[in-house]
Amino acid sequence: MSVATGGSEAAAGGGGGGRVFFQSPRGGGGGGGGGGGSSREEAAVAAAQVQQRRQQQGKVTVKYDRKELRKRLVLEEWIVEQLGQLYGCEEEEMPDVEIDIDDLLDAANEEERALKLQETLVDCYKPTEEFIKELLTRIRGMRKLSPPQKKSI
């Protein structure tokens with residue numbers, strides 16, 4: 001397989017653009033007048049293959065992000081349920097308690113995470129040690145969520 005740059009002008013020797021066409025060698029390597037049309041067809045096929053690869057890579061990224069988002073959602077639902085039990089009320093009646101998972105993941109170590117959680121739950125009248133231990137176990141191995149990024153290939 002050989003590579004030719006430019007369009008039909010480049011094949012005729014008249015300068016060229018930045019396109020790259022892939023041509024398969026045909027009978028002796030010479031390119032007559034009939035080679036121009038098939039070269040365009042092959043270029044279209046190559047472009048379609050590149051586009052298909054981009055779409056497949058995009059799908060993989062989306063599935064990966066969905067899985068991480070799902071894990072995060074399950075964890076957040078568990079946190080809301082546990083806070084409801086700790087404060088002895090429904091979600092609507094619960095005091096304004098904010099547990100930022102990404103902030104916990106930014107902490108240097110488990111002790112710092114535990115301190116942040118204790119500070120957040122300082123108004124809770126029930127023991128919070130079990131909740132904190134379980135939450136720290138659940139976030140172990142998680143990653144911070146970063147905003148979705150488009151990959152350019």
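Biologist: In this predicted model, which residues of α5 are buried?
Modeller: The model is a prediction. Buried means under 20% relative accessible area. In α5, the residues that meet this are F131, I132, L135, L136 and I139.

Biologist: Within what arc do the buried residues of α5 fall, seen down the axis?
Modeller: An α-helix has 3.6 residues a turn, so residues three or four places apart point the same way. The buried residues of α5 line one face of the helix, because they fall within an arc of 130°.

Biologist: Which residues are exposed on the other side of α5?
Modeller: Exposed means over 50% relative accessible area. On that other side, the exposed residues are E129, E130 and K133.

Biologist: Which element gives the largest share of the largest nonpolar core?
Modeller: This core has 23 residues, and I79, L83, Y87, I99, F131, L135 and I139 touch the most other members. Two or more residues come from each of α2 (35-87), α3 (101-106), α4 (110-120) and α5 (129-139). The largest share, 6 residues, comes from α2.

Biologist: Which residues does L83 contact, leaving aside neighbours within four places in sequence?
Modeller: L83 is among the core residues that touch the most other members. Contact means heavy atoms within 4.5 Å. With those neighbours left aside, the contacts of L83 are G88, M94, V97, I99, L121 and F131.

Biologist: Is R72 buried or exposed?
Modeller: R72 lies in helix α2. Not counting residues up to four places away in sequence, R72 touches I101, D102, L105, M142, R143, K144 and L145. Its relative accessible area is 7%, so R72 is buried.

Technical notes. Residues are numbered from 1 along each chain as its sequence is written. This is a predicted model: local features need pLDDT of at least 70, side-chain atom pairs count only at pLDDT 80 or more; totals for chains, interfaces and linings use all residues. Side-chain values use heavy atoms; hydrogens and water are left out. A nonpolar core is a set of buried Ala, Val, Leu, Ile, Met, Phe, Trp, Tyr and Cys residues joined through side-chain atoms within 4.5 Å. Buried means under 20% relative accessible area, exposed over 50%, partly exposed in between (1.4 Å probe, protein chains only). Helices (H or I, at least four residues) and strands (E, at least two) are DSSP runs, numbered from the N terminus. The arc is that of the directions from the helix axis to the C-beta atoms.
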